[in-house]
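Visitor: I have not looked at this structure before. Please show me how to read its features one at a time.

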Amino acid sequence: KFRDFSLGEAGAPGSLALLQEAAEAGLAVSMVYEGGSKGAQPRPVTPRGLQVRRGVVYLEALCHLDGVSKSFRLDRIRAIEPL
């Protein structure tokens, strides 16, 4: 799912590669997401893949704060780091 996207679409350089590595290994990352009900606090997620809907790229991931799968707009992810 990640191979169809370029690094430029992920916002920060290297962030798409980190998300891909985490998804392939089943590892969680911490991300700062602008928007949503949690505000811009760091949140742990396990990436599952990317999806395009109406021209917008979304990260599909398990959100550890809520315990459910969610979609996060890639252009609203402000920071990503491994956990």
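Guide: Start with a definition: a residue is called buried under 20% relative accessible area, exposed over 50%, and partly exposed in between. K70, at 23% relative accessibility, therefore counts as partly exposed. Keep in mind that this is a predicted model.

Visitor: How are the strands arranged, and in what order do they stand in the sheet?

Guide: In general, strands of a sheet pair through backbone hydrogen bonds, and the pairing is either parallel or antiparallel. Here, five strands form an open sheet with antiparallel pairing, in the order 4-3-2-1-5. Strand 4 (68-73) and strand 5 (77-82) each have a single partner strand, so one side of each is left without a neighbour in the sheet. On average, and with direction ignored, neighbouring strands of this sheet are turned by 40° against each other.

Visitor: How many bridges join strand 1 to strand 2?

Guide: Strand 1 (residues 29-33) and strand 2 (residues 42-53) run antiparallel and are joined by four bridges. To follow one residue across, take M31, whose bridge partner in strand 2 is R43.

Visitor: Which residues of the largest nonpolar core touch the most other members?

Guide: The general idea is that in soluble globular proteins, nonpolar side chains tend to be buried together. The largest nonpolar core here has 16 residues, and M31, V45, L59, F72 and L74 touch the most other members. Two or more residues of this core come from each of helix 1 (15-25), strand 1, strand 2 and strand 3 (56-63). M31 thus appears twice in our reading: as the bridge partner of R43 and among the core residues just listed.

Visitor: What about charged side chains: how many salt bridges are there?

Guide: Side chains of opposite charge can pair when their charged atoms come close. The cut-off used is a nitrogen-to-oxygen distance within 4 Å, and the count comes to four salt bridges. One of them links E60 and R53 at 3.2 Å, N to O. Another joins D66 to K70, with the closest N and O atoms 2.2 Å apart. D75 and R73 also form one, at 2.8 Å between the closest N and O atoms.

Visitor: How accessible are D66 and D75: buried, partly exposed or exposed?

Guide: D66 is partly exposed, with a relative accessible area of 32%, and D75 is partly exposed at 40%. As for their partners, K70 is the residue we began with, at 23%, while R73 counts as partly exposed at 22%. R53, the partner of E60, is partly exposed too, with a relative accessible area of 34%.

Definitions and conventions
Residues are numbered from 1 along each chain as its sequence is written. This is a predicted model: local features need pLDDT of at least 70, side-chain atom pairs count only at pLDDT 80 or more; totals for chains, interfaces and linings use all residues. Side-chain values use heavy atoms; hydrogens and water are left out. Two strands pair if DSSP finds at least two bridges between them. Axes are lines fitted to C-alpha atoms, for helices over the stretch in contact, and angles run from 0 to 180 degrees between N-to-C directions. Buried means under 20% relative accessible area, exposed over 50%, partly exposed in between (1.4 Å probe, protein chains only). A nonpolar core is a set of buried Ala, Val, Leu, Ile, Met, Phe, Trp, Tyr and Cys residues joined through side-chain atoms within 4.5 Å.
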